[in-house]
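Please open the model in your viewer, show the side chains as sticks, and keep a selection prompt at hand for a short tour of charged contacts.

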Amino acid sequence: MSVVNSSQTERRIVFLILLVAVALPLIFPIGWKTGVTNYTKMVWELVESTPDSSVVIFSFDYDPSTMTELQPMAEAMLDHAFSRHQKVLVTALWPQGMQMADQAIKVVKAYHPDITYGQDYVFMGYKVAGIVAIQAMGKDMEQVFPADQSGTKYKDIPMLREVKTLKDVAYVNSLSSGTPGIKEWVMAARDVYHTPVTGGTTAVSAPGLIPYVNSQKQLYGLLGGLKAASEYETLINRVGSATVKMDAQSVAHLLILLFIAAGNIKALRARKRRAS
Amino acid sequence: MKRNLPLFFAFFCGILVIVSEFIPHRPFSMLIDTLQNWFMIISGFAIILGQISLFQSNLSKIKQKESGWIFYLAGLLSFCLMLIVGLLWGTQETGGIFGHGLKLQASLGAKPFDYLFDFAYMPLSATMFSLLAFFIASAAYRAFIIRSFESNLLMITAVIVILGRTSFGGMLTAWVPESYKFWQLPNLSDFIMEFPNSAAQRAIMISAALGIIGSSLRIILGIERSYLGSDK
Amino acid sequence: MSHFMSVLGLWMSVFFTFSIFSFLYKDNPFYKLAEQIFVGLSAAYWLVYLFYSIMLPNLFTKLISDFRGNIILLIPAVLGLMMLMRIIPKTQWLSRFPIAIMIGTSAGISMVRYAKSDLLSQISATMINPFAGETTSIVIGNFLLIIGTICGVYYFYFSKKQEGISAVPSKIGIWFLMISFGASFGYTVMARVSLLIGRLEFLLKDWLHIIN
Amino acid sequence: MKALLLVIGLSLFSLCLFASQQAFWVQDVPWDEGKALTLNWHTAADSIQLQKADSLGVWETIYIGSSQPPIYTDSDLTPGTNYAYRLIIPQKATADSLFYTAEAKTLEQWIYMNKLSYLLILLVISGAIMYYVQSARMGKDYFIRRIGGLDSMEEAIGRATEKGKPILFVPGIGDLDDIQTIASLTILSHLAQRSAEYDTKLIVPCRFSMVLSAAREVVKEAYLRVGKPDAYKEDNIFYLSDDQFGYVAGIDGIMVREQPAANFFLGSFYAESLILAETGYSTGAIQTSGTAQASQLPFFVVSCDYTLIGEELFAASAYLSRDPQQLGSLKGHDFGKLLVIILILTGVITEIIGWHWFKAFFEGAQ
C-alpha cells in the first residue's frame, strides 16, 4: 500500500510543478521564435492560389474540448480566405462545430468588417452521419443542405447559385479533432470527387493523417497543433493567440524532458539498491 | 425469422453498398442515396434509447438511496433542465416550442440552452480534456525508463521529437553547420515523423484495413452475428 | 440582470474548472457533483441538438410539408420506432431489423472505404523509387519507408510461428512501431499542453484579469 | 470559267463544313454513371463560348473563356438523354461569330473502369478469406501465433475474482457502425463468459445506445451459455453519455469508486485513451487495451500492462475462441498481407526500372 501511496504523492508533485511551469510564461512572456514547416506552407499555398470568389467549404469538426488548438487555425484560415475574397460555406460534422464557427467568424469580422452573410459566408448547420453526408454532398448539395440555419432555401442563397455538388467547390477545409473529420473528407470528397481537401487537426491526430499528405495529394498539407497555427499566423502576418502561447509550450516541453530524466535517475537508484 | 431475416437485411444492405461502389448504372446509383438517408434517420431515433436508459438507471439509484444518490439527483436534474430549455426555447439557430424567447435572451445574454452550454458544459468538457496535460507528464515520468532495446527506441525518439517540436530545440542545435543540418533537432524530428513514423503508421493502417475488410465480410455474410444477441 | 447572469456564469465556469482539476488530487464530492452534472448536461445536449439538426429537417419537416411526396420516409421512421421497441422486453427482437440494416450498411461502407483509402492508397504511396530523392537523407528515408512498411505489415502476420529467420522482419517491424509510438507521443505533448494553456488562459484572463 | 470557279468554291466550302464538324464534338464520358459529357474543340481562337440547349431548345451559355486543353466537362446531367451544344467563336475582324453544333447522349456504363485495380484487390482478398473460412469449416486446422496481450486475460479475471473486485470493460467511443466496436464486442462475449463462470461482476459503460443494446445482448448470451441466466444483471451494462468527455468523466468516477481489479479498453479510442489508462493505473488495476487507432496506441503502450496493436484487435476473438471460421478468416487476412508485400516490392522494382504503368494502375482508383 505504501508503494501506491508514494507513487500517488509523486504524481501530485509532477502535476503541481507542471501547473506552475505552464502558468508562469503566460503571465511573463518570453518571446521565442518559430520557423515555418512544409505542411503548413502547403495549406497556405492552396488557399493563396485558389481564385477569387471561389466557393470553399470550411467544416468545423471539433468541439470546445479542442478549441485551444483548432480555434486559432480556424481564425487564421478564415482570415486568409476572406482576404482572398473566397466565399465560405460553413458546415460541421460535429454538433458543437457550428458554435465554434460562430465564434471564429465573430473574431475574423473584426479584420473584415465588410463581409456579409449570404454573399461571403453562409452557415449551413451541423450534418449528422459523417461520411454518408459527405457522399451525399457529392451527388447533390441541395439535398444535404435543404436550407441554411436561418431557414433560407438553398437556391435562394446568392453565393451558392453555381454550386451543385462537391465538384463545384474549390477546396474543403476540415478542422477536425476526430471522427468524423479530415479522414472522412479525404475518403468521400477527395478520393471520390477529386475536390482538394486540406485541414487542421490537433497535434495528436496529425501523425495519423500525415500519410495522406502524399504524392497523390489526398490531403493538401496539414496544420498539426498550436505550432502550426502560429506558423500560419506568421504566414498571414498576424500576431494571433497561437504565437503568444508558444512560450508556455516550450517551457512545458523542457519540463517533461526533466521529468523523464528524473524518472530514469530514480529507476537507476532503485536498481542499484536492489543490486546491493 | 427473428434472426435470419435481420441477417438477410444486413447481407442485402452490405452487398448493395459494395456493388454500387463499382457499378455506375441505375438502379444502384439511386438506391445507395436512399439507404444513406435512411441511415441518418434511424440513428437519430436510436439516440433516444440511451437517454431513456440513463434516466431509468439514475432514477432507480435515487429511489434505492444508493450511496451518493444526491449526486445522481443532480445529474438527473441537470439532464432535465438542459432538455427542457432546449425544447422550449431552442438552440442558438433554431427556435423551440416557445419560439426564441427574446425577453429571456435579453436577461441572460443568450438563450438558456446556450447559457448552460457556455458556462457549464464548455468548461467541464475543456477541463476534463486538459487533464491530459498532467497525465502525459506523469506517463512520461513513469514509463520512459531505460530498459530493453525496444523501450529505449521509444524513449529516444520521444525525446528527440519533444525537443524538435519547440522553438527551444531549434536554438539548442543551431550551432550545427549547414552541411550537417540533417542533425539539427527540428529537421531530425521531421525526418522521424516523415519516414520511420509514416512507415509504421502505414503498416498499422494496411493491416488494420485487412482486419476491417475481413470483419466486414464476415458481418455481411452472416458469419459474425454476435451483435444480434441470442435467440432466446 | 444580464450583467449579473454573466458574472454568475463566469463563477460557475470557474467552479466547474476547479472541481474537475480537484480530481488530480483525489476523488472528492466536488468532482462527483461535476461529473454527474456533466453526464446529465451532455446527454441532454446531444439529444436536443440531434432533434433540431436531423429529426426535424430530414424527417418531420419533410413529412409535414409534403407527406405524399416523402411517403417513403415512413420506412426509416418505422425502423427507427422498431429501434425504440427495445425498451419493452417482449418486443426487443424488433430492434434487430434496424440494427442489422445499419450494421450491414456500415460494414459495406467500411469495406470499400478502408480498402481504398487505407489499403490501396497506402500500398501505391509506398511504391516509390527510393533513389529518386534529392538528398542522401531522403534516399535513406525512402528505404526506411519501404522496409518499415513491409516489416511492419509482416509483424501482423499471425498464421506462422515467428522464430528463427522469419522472426527477423517482425523484430524490425516492432522497432519501427516503437519509433513511431515514441514519435507520436512526443508530437502529442504539444497538443496536450495546449489544452492546459487554454484552461489557464481562462482562469488568468477571463477570471483573474492577470494577463490580457 | 465562272462555272469552274463556282465548283471549286463550293467544294472548298463543303470541305470547310466537313472540317467544321471536326472542330467541335461531344462525347459521353466513359465508365461513369451517365451524368457527364465531354466537349472538345479545335480552334485557333483565344476565346470561345459554349452554349447548351435546354429542354425547350433555348440556348443557354455555360462557359466563356479559353480552356487549355480545349476540353469542357458538363456534369450532373440526366443519364440516357440527348444533349445539344454549340460552340461560338467570335470573329473579331468581321464582328461576327462562327457557330458549330454537336450533340451526344449520356450513357450509363456497368462498371467504373478506373476502379478495376481496387475491385480486383477486393475480390482477391475477399475470395481468399471466403476460401479459408470454407476450408476451416471442412475441418482444416489453422495455426495462430501467440498474442501477448490476450494471454493476460485469464490472469486479470483471476485476480479480480481473488480480490472480489469487479472487471471494467470499455468498448471504445465508436458507435456500432465502427468495425472496431464490433470486434470489441466479440471479445466482450468471451470475457463475459469467463466472468460468469467465476461469478465476477462485469461493468460495461457504453457511449452510444446502439452499443448499449448490442453489449447487453452479447453479455446476456454469454451468461446463458454457461447456464447462469439469473446471474446476469442488466444494470451493470449502462449508458453514460453520447459526449466524449462526459463519458470519460463517468468512467473515471467508476474507476476510483468501484476500484476494478482489471480494466479492458478495447475498441475505437481517441484523446481519452490516456485519461482512462492513467486513472486506471493510479487505482492499481491490471490493464489490457487494444485499438486500431494508430494515433492512440502510444498512450496505451506506455500506460497499460498489455496492448493489442492494430489488427491484433481483430485477431483477438479468433485467438480466444479458436473458432475455425474466425481462424480461417484470419488466414485470409494473412494472405492479404503477403499480397500487399508482394505488390509493394513489385511496385518499387517497376518504379526503379521506370515502368510507371504498374503504379498508375493502382493509383487509378483514386
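Begin in this predicted model by selecting R194(D) and E154(D), whose side chains meet in a salt bridge with an N to O distance of 2.7 Å. The contact joins distant parts of the chain, since R194(D) lies in helix α4 (residues 179-198) of chain D and E154(D) in helix α3 (residues 148-163) of chain D, 40 residues apart. If you colour by accessibility, R194(D) should appear as partly exposed, at a relative accessible area of 26%, and E154(D) is likewise partly exposed, at 36%.

Keep R194(D) selected and add E197(D), with which R194(D) forms another salt bridge, the closest N and O atoms lying 2.8 Å apart. These two residues are separated by about one helical turn, because they are three residues apart in helix α4 of chain D. E197(D) is partly exposed, with a relative accessible area of 35%.

Next, select E21(B), R113(C), K116(C) and K115(D) together: salt bridges that share partners join these residues into one network.

Then move to chain B and select E224(B) with R218(B), whose side chains form a salt bridge at 3.7 Å, N to O. Are these two residues buried or exposed? Both E224(B) and R218(B) are buried, which means that each has under 20% relative accessible area.

To finish, zoom out to the whole assembly of chains, over which the count of salt bridges comes to 28.

Definitions and conventions:
Residues are numbered from 1 along each chain as its sequence is written. Chains are lettered from A and ligands numbered from 1 in the order in which they are written. This is a predicted model: local features need pLDDT of at least 70, side-chain atom pairs count only at pLDDT 80 or more; totals for chains, interfaces and linings use all residues. Side-chain values use heavy atoms; hydrogens and water are left out. A salt bridge is a side-chain nitrogen of Lys or Arg within 4 Å of a carboxyl oxygen of Asp or Glu. Buried means under 20% relative accessible area, exposed over 50%, partly exposed in between (1.4 Å probe, protein chains only). Helices (H or I, at least four residues) and strands (E, at least two) are DSSP runs, numbered from the N terminus.
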